[in-house]
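I opened the notebook today to go through one structure, looking up its aromatic pairs, its nonpolar cores and its enclosed space.

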Amino acid sequence: MTPPGRDRLRELLDAVLDEDNRTLSDMAGDAYASPFHFSRQVSGGAGESPVALRRRVVLERAAWQLRQGASVTDTAFAAGYESVEGFSRAFARAYGRSPGSVAAGTGARDAHWLPAPNGIHFHPPSSLWVSDEPARRGGDEVTALLVHHGVEDTRALLELAKGLPEEEYRRVRAPGLSVLPWDGAEETLAALLDTLVWTTEVWVASLEGGEEPTRGADDAASLVDRHDAVAPRWLAAVREIARRSAWGDRLVDALCEPPESFVLGSVVAHVLTFSAHRRLLARHWLREAGVEVDTGDPIDWLRRRDR
């Protein structure tokens, strides 16, 4: 039984965020609980696993430190990352831009906040802030998870494709296949993965109001580079839609001929739908080529991410 006046959830959060507690076992030991029960208590009370909560709040603190003028290198090591490259990848996945692009200077109180299921955020210089954000955000967390899963899953498939012989990569596997008429034939793994990246590049350009992008090379290594360039911009675009609750806003896309109007929520749903279809088909073709590949289940992905 919890003694009167004792805030058990606060004790659990303190254990999660203690500077010396880098692993789940460290956190649980500090809270005098087994890792299993500690994880269950935090997840039940905060709606977020201990590892995910710590990672998010640490990245929020890092974003605030960058806004105060700290260097990327100092911020990376202060956040507990073993390399600047690892920190930069994590930051870009979370914020949709590189840490080096964060301008020093003042900003809104919540400028460094990431989507959270519990309203718990880093509050400078070393506190937590609990907002009413969950009530306002509705289902945005699910969308954020689907978008992040799609980005990371695409990259994993592209990395696997890099190991294929050229003849397997360009073998015609479904003669005449066209997922969407305007995207052209996708009969090979090369064409399928190229279109997976290309559609994101096109929609990001539309959302940003940019010029129609130039389609790059379709070898697997080039596709990884193209994906790494467009993925942070796609994450940032979706995050901005969510921040403004602009799902019902309309985009008049001048890149279409003639220009067309799209509801922003439907654009995100479109990209998620056909990205998922192409990624599942890519898995089937990778297995045909003798490559071991997982199921692509978001449940498994989230479990791996939260370890």
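The entries below follow the order in which I looked things up.

**Entry 1: aromatic pairs**

I noted before anything else that this is a predicted model. I then looked up ring pairs, and the count comes to five aromatic pairs. I took F87 and F91 to begin with: their ring centres are 5.8 Å apart and their planes stand at 50°, so I entered the pair as tilted. Both residues lie in helix α6, which spans residues 84-95, and they are four residues apart, about one turn of the helix. I checked the accessibility of each, and F87 is buried with a relative accessible area of 0%, while F91 is buried with a relative accessible area of 1%.

I went on to W203 and F262, which form an edge-to-face pair with 5.2 Å from centre to centre and 85° between the planes. This pair links distant parts of the chain, since W203 sits in helix α10 (residues 189-208) and F262 in strand β4 (residues 260-263), 59 residues apart. I found W203 to be buried, with a relative accessible area of 12%, and F262 has a relative accessibility of 18%, which counts as buried because the cut-off is under 20%. I also recorded that ring pairs link Y81, F87, F91 and Y95 into a cluster.

**Entry 2: an acidic residue in α10**

Is D194 buried or exposed? I looked up its relative accessibility, which is 9%, and therefore entered D194 as buried. The residue lies in helix α10. Setting aside residues up to four places away in sequence, I listed what D194 touches, and the list reads R215, D218, L223 and R226.

**Entry 3: nonpolar cores**

I kept in mind that nonpolar side chains tend to be buried together in soluble globular proteins. In this model the largest nonpolar core has 21 residues, and I noted Y169, L189 and L193 as those with the most contacts inside it. The elements giving two or more residues to this core are α8 (140-161), α10, α11 (220-243) and α12 (264-288). Which of them gives the largest share? I found that it is α10, with six residues.

I then followed L193 itself, and, leaving aside its neighbours within four places in sequence, I found L193 in contact with L158, A161, Y169, L223 and A282. Another core, of 18 residues, lies apart from the largest one, and among its members I noted V151, V204, W234 and F262.

**Entry 4: enclosed space**

I turned to cavities last, bearing in mind that rolling a probe the size of a water molecule over the atoms shows where empty space is left. How many cavities of 30 Å³ or more does a search of the whole structure find? I entered one, and the volume of the largest cavity is about 100 Å³. Of the 11 residues that line the largest cavity, I listed A144, H148, L235, V238 and R239 as the closest to its centre.

I next looked up which elements supply the lining, and α8 and α11 each supply at least two residues, with the largest share, five residues, coming from α8. By class, I recorded six nonpolar, two polar and three charged residues in the lining of the largest cavity.

Note on methods:
Residues are numbered from 1 along each chain as its sequence is written. This is a predicted model: local features need pLDDT of at least 70, side-chain atom pairs count only at pLDDT 80 or more; totals for chains, interfaces and linings use all residues. Side-chain values use heavy atoms; hydrogens and water are left out. Rings of Phe, Tyr and Trp (its six-membered ring) pair if their centres lie within 6.5 Å; planes under 30 degrees apart count as stacked, over 60 as edge-to-face and the rest as tilted. Buried means under 20% relative accessible area, exposed over 50%, partly exposed in between (1.4 Å probe, protein chains only). Contact means heavy atoms within 4.5 Å. A nonpolar core is a set of buried Ala, Val, Leu, Ile, Met, Phe, Trp, Tyr and Cys residues joined through side-chain atoms within 4.5 Å. On a 1 Å grid over the protein atoms alone, a cavity is a set of points where a 1.4 Å probe fits but cannot get out, and a pocket is an open set with protein on both sides within 12 Å along at least five of seven lines; lining residues have an atom within 4 Å of a point. Grid points are joined across faces, edges and corners, and a volume is the space filled by probe spheres set on the points. Ala, Val, Leu, Ile, Met, Phe, Trp, Tyr, Cys and Pro count as nonpolar, Asp, Glu, Lys and Arg as charged, and the others, Gly among them, as polar.
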